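This report describes the architecture of one protein for a reader who is new to structural work. Please consult the sequence and the structure shown here while reading.

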Amino acid sequence: MDFTAIDFETANSSRSSACALGLVEVTAGRISAEHVWLIDPQQRFDGMNISIHGITPSMVHGKPTFAELWPTIEPLLKGRVVVAHNAAFDMSVLRYCLDGETLAYPEFQYLCTYILGKKMLLDLPSHKLNVVSRHFGITLRHHDALDDARACAAIMLKLMEQEGQWDPLLLAASLGYQSGKMYAGGYMPFSVPKKPKKKRAVKELPSAASRSVTG
């Protein structure tokens, strides 16, 4: 029951514009540490993004850049099971930020509580973070990076409890999913493993000799 939940907020539509990161460590099924950082993306802020998360250029003025924060963040991710709600977004933000600074990818496995929730909570009209949080009675200040990461961690624990699983990787595997992976030089998405294609039987044509005997 050990994992790390993360949530990024961005300054604009670019995945390389991380302006906040919330990170919550879970140990033995309990939150053991919480971290949150404002990040100077060194990019413009879009009004739409500001209206969503409330972070403004003045709030990140003088804050560390992603590259400056990375030595602090990397040890909290490396070798861990990392979870995020809509992990495709958060993992792409991480990758774009690393690529933009020519930083090596850390090695870890990751899961998506949004996809797991869609599989397990069939009665919900939506599986957005606020909807799933409301379903489980989890208090949430949506689009606050730390609160979103905290809610993601709580959802992961609730899903594990619902299935009677105490290992997030085993929970994903039991539902037919393969954990995503980030590693030096690349990544693999959180997904359903593809089934090997069946080989088509090739009908053998009779040889010339057999045709002459039977023909």
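Against which element do the buried residues of H6 pack? The buried residues of H6 pack against H7, and the sections below place this pairing within the rest of the protein.

## Overview

The model discussed here is predicted. Its secondary structure comes to 9 helices and 7 strands. The protein has 215 residues, and 43% of them are buried. Among contacts with a separation of 6 or more, 61% join residues that are 24 or more positions apart.

## Helices H6 and H7

Helix H6 covers residues 129–136, and its buried residues are Leu 129, Val 131, Val 132, Ser 133 and Phe 136. An α-helix has 3.6 residues a turn, so residues three or four places apart point the same way. Just after H6 comes Gly 137, which takes a positive phi of about 70°.

Helix H7 runs over residues 145–163, which is 19 residues. At 1.5 Å a residue, H7 should span 27 Å, and the distance of 27 Å between its end C-alpha atoms therefore agrees with the expected value. H7, too, is followed by a glycine: Gly 164, just after the helix, has a positive phi of about 65°.

## The nonpolar cores

In soluble globular proteins, nonpolar side chains tend to be buried together. Here, the largest nonpolar core contains 56 residues, and those that touch the most other members are Phe 3, Ile 6, Leu 77, Leu 94 and Leu 116. The element that gives the most to this core is H7, with 10 residues. Another core lies apart from the largest one; it has 7 residues, including Ala 11, Cys 19, Phe 45 and Val 60.

Leu 94 may serve as an example of the contacts involved. When neighbours within four places in sequence are left aside, Leu 94 is in contact with Phe 8, Phe 66, Trp 70, Leu 77, Phe 108 and Met 182.

## The two largest pockets

The largest pocket holds about 490 Å³ of space. It is lined by 20 residues, and Asp 7, Asn 86, Phe 89, His 142 and His 143 are the closest to its centre. At least two residues of this lining come from each of strand E1 (3–10), helix H1 (47–53) and helix H4 (87–100). By class, the lining of the largest pocket divides into 6 nonpolar, 9 polar and 5 charged residues.

The second largest pocket has a volume of about 160 Å³. Its lining consists of 14 residues, and nearest its centre lie Ser 16, Pro 41, Gln 43, Phe 66 and Glu 101. Helix H3 (66–77) and H4 each supply at least two residues of this lining, and H4 gives the most, with 3 residues. The classes in the lining of the second largest pocket are 7 nonpolar, 5 polar and 2 charged.

## A buried serine in helix H4

Is Ser 92 buried or exposed? This residue is in helix H4. Its relative accessible area is 5%, which is under the limit of 20%, so Ser 92 counts as buried. Not counting residues up to four places away in sequence, Ser 92 touches Arg 15 and Ala 87.

## Positive phi in two loops

Two residues other than glycine merit attention for their backbone angles. Ala 28 has a positive phi of about 55° although it is not a glycine. It is found in the loop between strand E2 (18–27) and strand E3 (30–38). Because its relative accessibility is 59%, Ala 28 counts as exposed.

Thr 102 likewise has a positive phi, near 55°, and is a residue other than glycine. Its place is in the loop between H4 and strand E5 (108–112). Thr 102 counts as exposed because its relative accessibility is 74%.

## Strand E7 and Met 188

Met 188 lies in strand E7, which comprises residues 186–188. With 31% relative accessibility, Met 188 counts as partly exposed.

Which residues are in contact with Met 188, leaving aside its neighbours within four places in sequence? They are Tyr 110, Gln 178, Gly 180, Lys 181 and Tyr 183. Met 188 and Tyr 110 are 78 residues apart in sequence, while their C-alpha atoms are 9.5 Å apart in space.

Technical notes: Residues numbered from 1 in each chain as written. Predicted model: local features only at pLDDT ≥ 70, side-chain atom pairs only at ≥ 80, totals over all residues. Heavy atoms only, no water. Helix = DSSP H or I, 4+ residues; strand = E, 2+ residues; numbered from the N terminus. Expected span 1.5 Å × (residues − 1). Core = buried A, V, L, I, M, F, W, Y, C linked by side-chain atoms within 4.5 Å. Buried < 20%, exposed > 50% of the residue type's maximum accessible area, 1.4 Å probe, protein only. Contact = heavy atoms within 4.5 Å. 1 Å grid on protein atoms, 1.4 Å probe; cavity = no way out; pocket = protein on both sides within 12 Å on 5 of 7 lines; lining within 4 Å. Points joined across faces, edges and corners; volume = space filled by probe spheres on them. Nonpolar A, V, L, I, M, F, W, Y, C, P; charged D, E, K, R; others polar.
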